[in-house]
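Student: Please take a close look at the salt bridges for me. I would like to know who pairs with whom, and how open each partner is to its surroundings.

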Amino acid sequence: MAEQGGAKGAQGLSARSFSTRPGVLSVLAVASALLVGFLAIALAGKDASGGYTRMIEGAFGSPAAFGETSIKTAVLTCTGLSVGLAFVVGLFNIGAEGQFIAGALAAAVAGHALRLPAPLHVPVALLCAAAAGALPALVAAWLKVRRGVHEVISTIMLNWVVIYLVHDWLVVGPLRAPGAISTSGTAQIQATAELPRLIEGSRLDVGLPIAIMLAVMAWLLLGRTVLGYEMRAVGANPDASRVAGIPVARRLYLAMGMSGALSGIGGALLILGTEHHYPGVFRTGYGFDGIAVALVGSGHPLGVLAAALCFGGLRAGATRLQLVGVHPSFAELIQGLAVLFVATRALFAGGLDRITARLRRQSS
C-alpha cells in the first residue's frame, strides 16, 4: 500500500510542477547559498559548524536575540513588500531606500513635535511616515505615466535627492536637535510615540506584528479583491488591461503610492522602535535589501515575510561569527548568493524537472 501510495504521489507530480512553484525554488536557492557559505568558511580553515551554530543562537537562541531578529525582520518585510507590490504592476521600484529615509525622518519629526496620547501618537507617526514615503514614489509614477520616464532611472535619481536633502541639509540644519552638534541628528521623540515592547529583557516590540499584519493585508488585497486582480492584470499586460476597461494609470499611481508608503513605514518602525530619533549618520541599506527580499520571496507577500525572517536572522546572528574569526559582513555574502541563485533558479527548475520525470518513468 505504501509503495502504491508513493507511486501515486510520484505520478501526481507533473514534469512542470517545480517550475511553477517559485517558493520551492527560492528555498533551494537560500539553502544553496548557506551551503556555499559553509564551504567557504571551512575552506578558509575556520570552524564552519561552530560558526553556523553561533549564528543561529545569535538570531533565535534567546528572547534578546529574537528581539534583534524581529526588529530587522519587521523593517525588511516592509521594504520587501514595497518592492514586491511595485513588481505586481510591472514596475521596478529601486527607490525604496530614499522612501525609507523619508519615512524615517517624518516619523522622527512627528514623534517629537506632536503632543498626543500614546494610543494616537504611534498611528499618527506611522501615517506621517507612510505619506512621506509615498511622495517620492508618486513623483516617479507621475514621470512614468505623464512623461514616459522609466521608473528605474527616476527612482534611482530620487533616492539620491532624498538622501542628500535629508543628510546634508535637514538633519544638520533646520531639523537638528537644539544645542546639539551637527552629527547628533534630530531631537528625541516623545515617550508616547515609542513602539511598546512585548517582552521584558528583549527589544521585541509591536513592529513585528505590524509588519505581519501588512503582509497579510497585501496578500488579501492582491489575491482576494477585484482591485488586486486589476493590479495583477496591469502587470501582466497593460495594453490588454486598458482594452478591458481597467484604469491602468490609476492602478500604477496606487501601486507606487502604496509601495512608497510601505518603505516609509519601515523607516518609522526603526525610528519609533529602537533609534527614538533620526541619527546624524543613518545608512542602514534596508531599502536596497528590500529588493533582495522581494526577489527571494518571489514578490508574494507571504514569501516576502519568510525571506525577511531569513535575512533578519542572518543580520542579527552574523555578529556571533566573529567568535570563530569570520567578519559579520559574511551575512551579506550569503544574502548576495541567495539573490544570485534566485536569479538563476531556472537551473534548479531544470534539475528538479529531470528528477520528477525520472520518478515518473520508474513508477510507470
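Tutor: Happy to help, and one set of terms comes first: buried means under 20% relative accessible area, exposed over 50%, and partly exposed in between (1.4 Å probe, protein chains only). This is a predicted model, where local features need pLDDT of at least 70, side-chain atom pairs need 80 or more, and totals for chains, interfaces and linings use all residues. Residues are numbered from 1 along each chain, and side-chain values use heavy atoms, without hydrogens and water.

A search of the whole structure finds 6 salt bridges (a side-chain nitrogen of Lys or Arg within 4 Å of a carboxyl oxygen of Asp or Glu).

Let us begin with Arg-251, which forms a salt bridge with Glu-230; their closest N and O atoms are 2.8 Å apart. This pair links distant parts of the chain, since Arg-251 sits in helix H11 (residues 248-275) and Glu-230 in helix H9 (residues 226-236), 21 residues apart. Helices here are DSSP runs (H or I, at least four residues), numbered from the N terminus. If you look at the surroundings, Arg-251 is buried, at 14% relative accessible area. Its partner Glu-230 counts as buried too, with a relative accessibility of 17%.

Now turn to Asp-239, whose salt bridge partner is Arg-242, with 3.2 Å between the closest N and O atoms. Both belong to helix H10 (residues 238-243), and because they are 3 residues apart there, about one helical turn separates them. Asp-239 is exposed, with a relative accessible area of 51%, whereas Arg-242 counts as partly exposed at 48%.

Next comes Arg-315, which forms a salt bridge with Asp-289, and here the closest N and O atoms are 2.2 Å apart. Arg-315 lies in helix H13 (residues 301-317) and Asp-289 in helix H12 (residues 286-296), so this pair ties together parts that are 26 residues apart in sequence. On the arginine side, Arg-315 is partly exposed, at 25% relative accessibility, while on the acid side Asp-289 counts as buried, at 15%. Besides such pairs, there is also a group to find in the viewer: Glu-68, Lys-72 and Arg-203 are joined into one network by salt bridges that share partners.

To pull the picture together, Arg-251 and Glu-230 link helix H11 with helix H9, Asp-239 and Arg-242 pair within helix H10, and Arg-315 with Asp-289 ties helix H13 to helix H12.

Conventions: Helices (H or I, at least four residues) and strands (E, at least two) are DSSP runs, numbered from the N terminus.
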